[in-house]
Amino acid sequence: PAPMSRSPARLGQRVSTALLAVLVGLSGCGGEDAPTRRPNLLLVTIDTLRADALGCYGGATPTPTLDALAARGARFEAMTSASSWTLPSLATLMTGRHAATHGAIDDRHGLTDELPVLAERAAAAGYATHGIGSHIFLGERYGLQRGFATYDDDLAPRYAQRRLAHRQITSPELVRKARTWLEARRDDEPWLLWVHAFDPHNEYRAHEGFTALDEEDPRALYEGEVRFTDHHLGGLFALLEERGWTKDTVVVVVADHGEEFGEHGGRLHRRTLFEEVVRVPLLLAGPGVPARVVEEPVGMIDLLPTLLELLDLAPPAGLPGQSLGDVLAGEPREVRPVVTELEGLRPQRSLRLGRWKLVGSLLEDFWFLYDLEDDPGERVDVAAQHPERVAALRNLLAAELDERREGRAIELAPGDLEHLQALGYGGDQ
């Protein structure tokens, strides 16, 4: 690939010369230090991580590793995941498509083979690509490994071992594996590494130094898991410093979904589309990313075009999302719809447009409307006061999801379904 400037070409087209100079300065390079190759990409996804569990989002206790990353890069205050569970959310991240289009919507369907994915784009541009999964849905049967030259799913137990998978402690081993792969990289070879941290997922485990070993409160145990994960990720980010890669590595940290702790009467996730399970952290840092807090609502479908732009790679045609380069450059953004989807026993959809959020059940045909500006906790349904707005948002939601594609079929054994039910998912839910 042709050499790139410190700020990606397409992002640079949207910013003034003065702001471009600021971006270059923030990324820590001068003219003589400009890279002769594309930047690296470190993509860290963290399972079950609520935004408000991090110190930089107002959490009760600091999370030093991720708080420091947020301080040197962009923190997105209103990032909405594609679903309230892992598989469809990560499939949307990798494809830039809604779940209805990529097809990985439930336990019996994996990512369709037809859609291009992030790792394929990077590999075609000369990147070394590697992924490390740490849970069942990141095993090869569901297709999220597609496009990676090498993929390590030793930490992703087979589907029939779901109970064991939920008890694993994986962050130390995950970071060890990631460091081993990175230490073998050459400085003149761009790389893309994806790691998925799983420890904040239930079953929550106590960790000495992070949680009292006799702790029984689920929320306290969960927050200890988050701090434990944050601590070990520090060892991964430290390697970037050791190798001198910080200035030319785009670092992305995002969660697949959040977690319920009784805010609307429920627990865990994959049951509703309330903010506690769909508002997730998104942190970006590295070349082309200024230090900024972004307030505009954005969605998981915006990540693929953003990452490709930061790598100076062309996105696939027809993506429903848009690069976040405009908000990174401080430009006003047209208000865009943000969609979340949940299949299963009670399929649901939600759409956020600015301050308004519509949440509905497809089977029971009921719809709630919330004003997130006045009611961020979604306590007061105002659908009856705004019937025209509800109708307009429903029409917009239908238009956003007018394309559908069947996912690749996954065969589940009877024992697999027993594990689902034992873990509280109840079949497809």
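This is a chat about a predicted model of a protein, its pockets, its helices and a few unusual residues.

Biologist: Hi! What should I know about the numbering and the ground rules here?

Modeller: Residues count from 1 along each chain as its sequence is written, and side-chain values use heavy atoms, with hydrogens and water left out. The model is predicted, so local features need pLDDT of at least 70 and side-chain atom pairs count only at pLDDT 80 or more, while totals for chains, interfaces and linings use all residues.

Biologist: Good. What does the pLDDT average?

Modeller: The average is 86, and 85% of the residues score at least 70; pLDDT is the predictor's confidence in each residue, from 0 to 100. Over residues 1–10 the pLDDT is below 50, and that stretch has 33 contacts in the model beyond near neighbours in sequence. Residues 12–35 are also below 50, with 29 such contacts. A contact means heavy atoms within 4.5 Å.

Biologist: How many helices and strands are there?

Modeller: The protein has 14 helices and 17 strands. Both are DSSP runs numbered from the N terminus: helices are H or I with at least four residues, strands are E with at least two.

Biologist: And what share of the residues is buried?

Modeller: Buried residues make up 61% of the 429. Buried means under 20% relative accessible area, exposed means over 50%, and partly exposed is in between, with a 1.4 Å probe and protein chains only. As for contacts with a separation of 6 or more, 68% are between residues 24 or more positions apart.

Biologist: Let's talk pockets. What is the volume of the largest one?

Modeller: About 370 Å³. Of its 17 lining residues, Glu-275, Glu-276, Arg-279, Pro-376 and Gly-377 are the closest to its centre. For the terms, a 1 Å grid is laid over the protein atoms alone: a cavity is a set of points where a 1.4 Å probe fits but cannot get out, a pocket is an open set with protein on both sides within 12 Å along at least five of seven lines, and lining residues have an atom within 4 Å of a point. Grid points are joined across faces, edges and corners, and the volume is the space filled by probe spheres set on the points.

Biologist: What classes of residue make up that lining?

Modeller: It has 11 charged, 3 polar and 3 nonpolar residues. Asp, Glu, Lys and Arg count as charged; Ala, Val, Leu, Ile, Met, Phe, Trp, Tyr, Cys and Pro as nonpolar; the others, Gly among them, as polar.

Biologist: And the second largest pocket, what is its volume?

Modeller: That pocket comes to about 170 Å³. It is lined by 10 residues, and Leu-362, Trp-367, Arg-394, Leu-397 and Ala-398 are the closest to its centre. Its lining divides into 5 nonpolar, 4 charged and 1 polar. Helix 13 (residues 387–400) gives the most to it, with 3 residues.

Biologist: Switching topic: how many residues does helix 9 have?

Modeller: Helix 9 (residues 218–243) has 26, and spans 39 Å from first C-alpha to last, close to the 38 Å expected at 1.5 Å a residue. The expected span is 1.5 Å times one less than the number of residues. Gly-244 comes after helix 9, with a positive phi near 70°.

Biologist: What does helix 3 pack against?

Modeller: Its buried residues pack against strand 1 (40–46), strand 2 (74–80), helix 9, strand 7 (249–255) and strand 10 (279–285). Those buried residues are Thr-65, Leu-66, Asp-67, Leu-69 and Ala-70.

Biologist: Is Ala-178 buried or exposed?

Modeller: Ala-178 counts as buried because its relative accessible area is 0%. It sits in helix 8 (residues 171–183) and touches Ile-132, Leu-193, Val-195 and Leu-236, leaving out residues up to four places away in sequence.

Biologist: Which residues does a cis peptide bond join?

Modeller: Asn-202 and Glu-203, with omega about 15°. Glu-203 is in the loop between strand 6 (191–197) and helix 9. Most peptide bonds are trans, and most residues other than glycine have a negative phi.

Biologist: Where is Glu-378 found?

Modeller: Glu-378 is in the loop between strand 16 (366–371) and helix 13. Its phi is positive, near 55°, and it counts as buried because its relative accessible area is 2%. Leu-268, in strand 9 (residues 267–268), also has a positive phi, of about 70°.
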